[in-house]
Amino acid sequence: MSEPVLELRSISKNFGSNQALRDVDLVVPHGSLIVLLGPAGAGKTTTLRIIAGLEAPSSGEVFIERMDFTKHQPNQRDIAMIFDNLALYPNKSGYENIASPLRISRTPKDEINRRVMEMAELMKISHILERTPATFSGGERQRVALGRAMIREPRFYLLDEPLSSLDFMLRIDLRTELKRLQQESGRTFLFATPDYTEALALADTVCVLIEGQVRQIAKAQELYDEPIDRDVARFVGNPPINIVPARLTRDNGTANLAIGSMNLVLPAEMEHGLPSSVSDVEIGVRPEHVRMVGADSAESHLTGTVNDLEPLGMHTTVGVNLGGVNLFFTVPGVQEFSDGDSVEMHLDMESILFFDPATGRRLS
Amino acid sequence: MPDAKFTPFNMLALLAGLIFAIFPIFWMVSTSFKLRSEWVTSPPTWVSSAPTVDNYLTILAPQILLDRRGGTQQHGDEGFGGGKDDAAGGAIADFLNRSAWPGIKGSVIISISATILSIVVGLMAAISISRYRFGGNFTPFFILAGRMFPPIAIAIPFVIMFGPGIFDITDTYFGLIVAYAAVTVPFSTWMLKSFVDELPQEIEEAAMMDGYSRWRAHATVTVPLIKGGIIATTLFIFILNWSEFLFALVLTYTNVQTIPVTLNKYFSATEGTLYGVQAALAMVSIIPLIIVGFFIQKHLVRGLTLGAIKR
C-alpha cells in the first residue's frame, strides 16, 4: 500500500459520561476510498469531525501525512468535508458556493472563474450557478456541495453520509459518479455511511464501526463472508443473517451440530477450524445458504414448515420453521407458498459461521 | 367569498384591541399640542381648540418663548409665551431656562454606545455558549441571574460601586454606558443565542473546512446569516436603553441626563406636572424609534437559511 495520508491512533471521545469512541485506530492510504460503515450513533460523524478538527478527541492522536495534527484548527489541516446536511451557504449563489474555498485562498479571479466553470461542467450544474440553494433540488444541492469540496485539492476528503436523503435512483447514480470521480482523480476519500450496500458498492476497504469501536477493517467481500463477530455479521447483509443457538458434540472424530431438534453432521474440515473446547455456539446462516430442494433430492435435506412470506419481486423471503428454529431464506422470483406448507430445505454446511454466544466473536 | 378570518365578531374584537393600543398614543399626540388650560379638564379635551407648538418650543427652543415673553403681548395666546401665564411666570421661567437638549444628547450617546457594547459582548457570548459550550450548563443561566432581582436591588450596588470610593464614574457618560450594557447583556446574549442555535452549525464549519479561521468563519458566515436576529435584538436593546429611567436617575446628577430623567423634571410644586411639555418630549423621543423601526422591518424576517441544508 502507498503511504498513509491519515492515521488515527487510539482515538477516544467522551461526551460527558457517554463514551462515543473507544480506541479507534485507522490508517487511510493515499488514493484509497475507505468506507466507515456503522449503524446510526456508532460514532461515524464524531470520527470524521475529529479528523476534520471540528471536535477534539478526549485521547489519542490524529496524524496527517505523518505529522501530529491533533491540536490543529480545521483550516490548518487542508481537508475537505461534505456534511451530512450539506451545509451550503444559503445566502450565496451556486457559483459563489463552489468558488468559496478558492476565494478564501485568494485565487486570482480569472482562475476562479475557469475552475468553477469546469467543476460545474463536471457536476452537470452549469444551469444553476446563478441561483441560490433555496431553489435547488436535492440532487443539485448534493452536486454543489460536492463541487465545493472537489474544486480544491486538499489532502483528502471526508464525506459524511452525503447521499443519505436522496431518493433511491439518484443515490445510485451519484454513488456511481462518486466512485468514478475518485478513481479518475486518484484522490483519497473517507466516506461514512450506515448503508452496507453503499459501502460494498463503493469501497476498496470497509471499516466497520459499532458502538464507538472499530470492529473490523476488511475488503468488502471479506466482510460479508468472514465477519469478525456477530454484530458485523448482522449488520452486513439483507435480509439479515440467521443467527440461532446450537450445540456441538464430538464423538469419535465426527462432529454433530444440534440445532433445535435437528442433528446435523458437521464436515470434518469445518470441525478442524473450531476450538476443541467449544460446545455451546451460535451459528450464522446467510439466507442464500438455505436452499429449497425436491423431496427426492440426493442432497441432505430437512423438512420445514413455512411461517412467513415476503415477496420482493426479484426474490421472495421465506420464513421456515426447521426443527423448532425459525430461519429466513431467499428464493428467486415470486414463489407461491402459504403458511403451513411443508418444504424440503438443504443447509449449506460449509458456509455456516460459528460465534461464541458470550462474546459474539466468530470462532471458525 | 368573504375571508373566514374576518367575521364581524373578529373585526369588532380587533377594533377594540386596536383602540386599546392606540389610545395612549393618541392622547400623547393630542396633549402635546394642547394649550396649558386644556391639559387637565373635565370633561376631557379630546383635541385642542387652538393647537400650539409651545410645548415643543419649551423643550427644543425655549429661547423663542423667552424672547416672546420679553416682547409685547401682541398675540395674546395661552402658551408659555403668552400673557395669561405671567402670573405663574416665575416657576415656568425655571423650565424655560432648561431645554431638553442635554437629555436628548445624553440619551443618544448613551443608548447608542450601550447598545453597541451590549450587542458585541452578547454576540460573542452567544456564539461561545452555543457553539463551544462555553461555561457548561451553568454559565448561561448565571448570566440571567442579574435579571432575577428587582432593578432597584441591582441599582443600589451600582450606586456604591460607581461612587467616589471605588470607580468614581457616577454622573459620567462612561458610567451609564457601562451600567446599561451590564444590565442588557443578559438579554442580548439570550436573544442572540436563540438565533445562533437555529443556524445549523455545519454552515460555519463548512467555512472553516474551506479555509477560514474560527473568527473569520463566524464573522463572515454566522453574523450575516443571523443578521435579522441581530437587528431585532439591537432594536430591542436600544428600546430598553432609550427608555431606562431608574439607573439614569440614581447614577447621575446634573452632568449627564437622559430623556426619561428630563421628562421627570418637567414638574414643579406650584405648576404641578407639565403634561403638555412631557407629551411633547415623549413625542420627540419616539420619533427615532419609529424611523428606525420603519426602515429595518424588512430585515426582521426569518427563514434566511432556506436551502442550506437537507431536511
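Let me open with a puzzle: is Glu211(A) buried, partly exposed or exposed? Hold that thought for a moment while I introduce the model, which is a predicted one.

Back to the puzzle, then. Glu211(A) counts as partly exposed, because it has 15 C-beta neighbours inside 10 Å, and a residue needs 20 or more to be called buried. Glu211(A) sits in the loop between strand E9 (205–210) and strand E10 (213–219) of chain A. I picked it for its backbone: its phi is near 50°, a positive value in a residue other than glycine. For context, most residues other than glycine have a negative phi, and most peptide bonds are trans.

Leu86(A) makes a nice companion. Its phi is positive too, about 75°, and again this is not a glycine. You'll find Leu86(A) in the loop between strand E6 (79–82) and helix H2 (94–104) of chain A. Its surroundings are another matter: Leu86(A) has 27 other C-beta atoms within 10 Å, so it is buried.

While we're on the backbone, let's do the peptide bonds. In chain A, the bond from Asn238(A) to Pro239(A) is cis, with omega near 0°. Pro239(A) belongs to the loop between helix H8 (230–235) and strand E11 (242–251). In chain B, Ser42(B) and Pro43(B) are joined by a cis bond with omega of about -5°. That proline is in the loop between helix H1 (8–32) and helix H2 (54–60) of chain B.

Now let's zoom out to chain A. It has 364 residues, of which 39% count as buried, and its secondary structure comes to nine helices and 20 strands. Its C-alpha atoms fill a box of roughly 80 × 45 × 40 Å along the principal axes. If you take the contacts in chain A between residues at least 6 apart in sequence, 65% of them join residues at least 24 apart.

One sheet is worth rotating on your screen. It is an open, antiparallel sheet of five strands in chain A, in the order E15-E19-E16-E17-E18. Which strands stand at the edges? They are E15 (290–292) and E18 (325–332) of chain A; each has a single partner strand, so one side of each is left without a neighbour in the sheet. On average, neighbouring strands here are turned by 45° against each other, ignoring direction. Further in, E16 (302–311) and E19 (342–347) of chain A pair in the antiparallel sense over four bridges, and Thr303(A) stands opposite Glu344(A) in E19(A).

On to the cores. The largest nonpolar core has 118 residues, and among those touching the most other members are Val35(A), Met81(A), Leu158(A) and Phe191(A). Which element gives the most to this core? That is helix H5 (101–132) of chain B, with six residues. Met81(A) is a good one to click on: leaving aside residues up to four places away in sequence, it touches Leu48(A), Ala52(A), Leu158(A) and Met209(B). Apart from that core lies another, of 18 residues, including Leu176(B), Tyr180(B) and Val185(B).

Finally, the contact between the chains. It takes 28 residues from chain A and 22 from chain B. On the chain B side, helices H9 (201–210) and H10 (214–225) each supply at least two residues, and H9(B) gives the largest share, seven residues. By class, that side of chain B has 13 nonpolar, four polar and five charged residues.

That's my tour, thanks for listening!

Key
Residues numbered from 1 in each chain as written. Chains lettered and ligands numbered in written order. Predicted model: local features only at pLDDT ≥ 70, side-chain atom pairs only at ≥ 80, totals over all residues. Core = buried A, V, L, I, M, F, W, Y, C linked by C-beta atoms within 7 Å. Buried ≥ 20, exposed ≤ 12 C-beta atoms within 10 Å, placed from the backbone. Contact = placed C-beta atoms within 7 Å. Pairing = 2+ DSSP bridges. Axes fitted to C-alpha atoms, helices over the stretch in contact; angles between N-to-C directions. Nonpolar A, V, L, I, M, F, W, Y, C, P; charged D, E, K, R; others polar.
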